[in-house]
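This report describes a pocket, a ligand and some details of the backbone, and is meant to be read beside the sequence and the structure.

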Amino acid sequence: MPDLDETIFGPEAKQLLGKLGFLDAKADLLKLTSDLRKQGHEPQLVALCISQAKLRSRAVSKFGSDLASTMLFTEEGLEQATRQQVAAWHAQKFLTHGIKSVTDLGCGIGGDALAFAQAGLEVTAIEKDGLTANFAKHNLNNYPMAAVSNADALKIESKSTSFWLDPARRKLSSKAAGRVMLKPEDFSPNLNFAFEIGAKHTAGIKLAGSLPHELIPEDCEANWVSHNNELVETVLWFGELGESGKRSALILADTITEYSGDLIQAPISEVGKYVYDPNPALVRSHLLGAFAIENGLWGIAPSIAYLSSDSELSSPWLRGFEVMESLPLDVKRIAKRMSELDIGTLEIKKRGVDITPEQLRPKLKLKGKNAATLILTRVGDARKALVCQPLS
Ligand SMILES: C[S@@+](CC[C@H](N)C(=O)[O-])C[C@H]1O[C@@H](n2cnc3c(N)ncnc32)[C@H](O)[C@@H]1O
């Protein structure tokens, strides 16, 4: 049987992939497979190309259609790859500090490495998994200043002084997965290895947005990053790339919005005229309290990340709502009130209460012509449903 790698890199695969383009979830794969088989293509080639065409379709949201239509992915590699707009920001960070070359220890299919190369950095990319490394080589083959090696980052001797690491969460045994606390060895490469690199060199380390703060070393800058209103990563910058001890939340869009502050609690009080849903990066950075105090806002219950005020505030960090009514979180009362207000279109948000929008919605039998937002949450000790209108 031909080698899997050889098949996907061969001229026949290239031609077939070009013909298939992007295959989305609606494609009739059974018919397509049978048609391609009838045209004389080998079953393994057909299966591989269809799988790549499906992955390429999913990759468009991360890489855009031009890049996605030429790249090769593994399922896991695509899932773990950094979105290009975010990776381009990583690259800029190195460039603006005058750095010319980066060693990427665990490059996956090359999401970050590609952005480094596109920005003009010389890239040495190391990947432990053979197939993933070959796909990264393919994905970077237009960039002569980028080299990919299939090797274990823990065993290579590198003379580099600037590093990028994006450790993957290891698949844990069911016993270990039940642990509450994450450990450095739950990541690959191991976080202790990554932090040692950071302690000795200039380095950026990308980790999950949900990374427990206890795992973050003191001597680095930590950024919680949101993109398209999703929390996408916590990045730790070591050496000249960061300011030791600084903690900030960032919104990455065409421009970068940054909030940096102290780790303090917001005051708690009753719901005011307005309620705000903060950007997830601000929430996970634990800078929400400092932001609230600086902007005259308050929390509405301990550990609940909604803020409130009596005067309207517009901020890129907040989605605001005017509170029209505050109801007890009682399904029958909410249903009755929705009917009286003639609500047919309802956005349901929730924090800190166990009922889900999916459970509640069918019970409300919404059929009116008005729209509203319902926020299910705790206010002090009470469970409340706040009937709101979004601020424009
Ligand atoms: C989260 S992915 C990197 C994704 C990449 N930044 C991107 O944007 O495509 C982490 C990668 O590190 C690789 N890896 C884990 N441990 C490694 C090691 N010791 N040496 C080299 N690569 C390793 C994994 O196989 C995985 O592909």
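The largest pocket has a volume of about 1,300 Å³, where a pocket is an open set of points on a 1 Å grid over the protein atoms alone, reached by a 1.4 Å probe, with protein on both sides within 12 Å along at least five of seven lines, and where the volume is the space filled by probe spheres set on the points, which are joined across faces, edges and corners. Its lining, meaning residues with an atom within 4 Å of a point, counts 48 residues, of which Q80, D166, P167, A168 and R169 are the closest to the centre. By class, this lining holds 18 nonpolar, 12 polar and 18 charged residues, with Ala, Val, Leu, Ile, Met, Phe, Trp, Tyr, Cys and Pro counted as nonpolar, Asp, Glu, Lys and Arg as charged, and the others, Gly among them, as polar.

The model is a predicted one, in which local features need pLDDT of at least 70 and side-chain atom pairs count only at pLDDT 80 or more, whereas totals for chains, interfaces and linings use all residues. Residues are numbered from 1 along each chain as its sequence is written, and side-chain values use heavy atoms, with hydrogens and water left out.

The ligand takes up the space of the largest pocket, a molecule being placed in a pocket if more than half of its atoms lie within 2 Å of its grid points. Around the ligand are 19 residues, and E127, D152, A153, D166 and S188 come nearest; being near requires a heavy atom within 4 Å. The table gives polar contacts of the ligand, that is, pairs of N or O atoms within 3.5 Å.

| Ligand atom | Protein partner | Distance |
|---|---|---|
| oxygen | T82, polar backbone atom | 2.9 Å |
| oxygen | E127, side-chain N or O atom | 2.6 Å |
| nitrogen | A153, backbone N or O atom | 2.7 Å |

S188, one of the residues that come nearest to the ligand, is joined to P189 by a cis peptide bond with omega of about -5 degrees.

Methods
A polar contact is a pair of N or O atoms within 3.5 Å; within protein, one must be able to donate a hydrogen and the other to accept it, and residues adjacent in sequence count only if both atoms are side-chain atoms.
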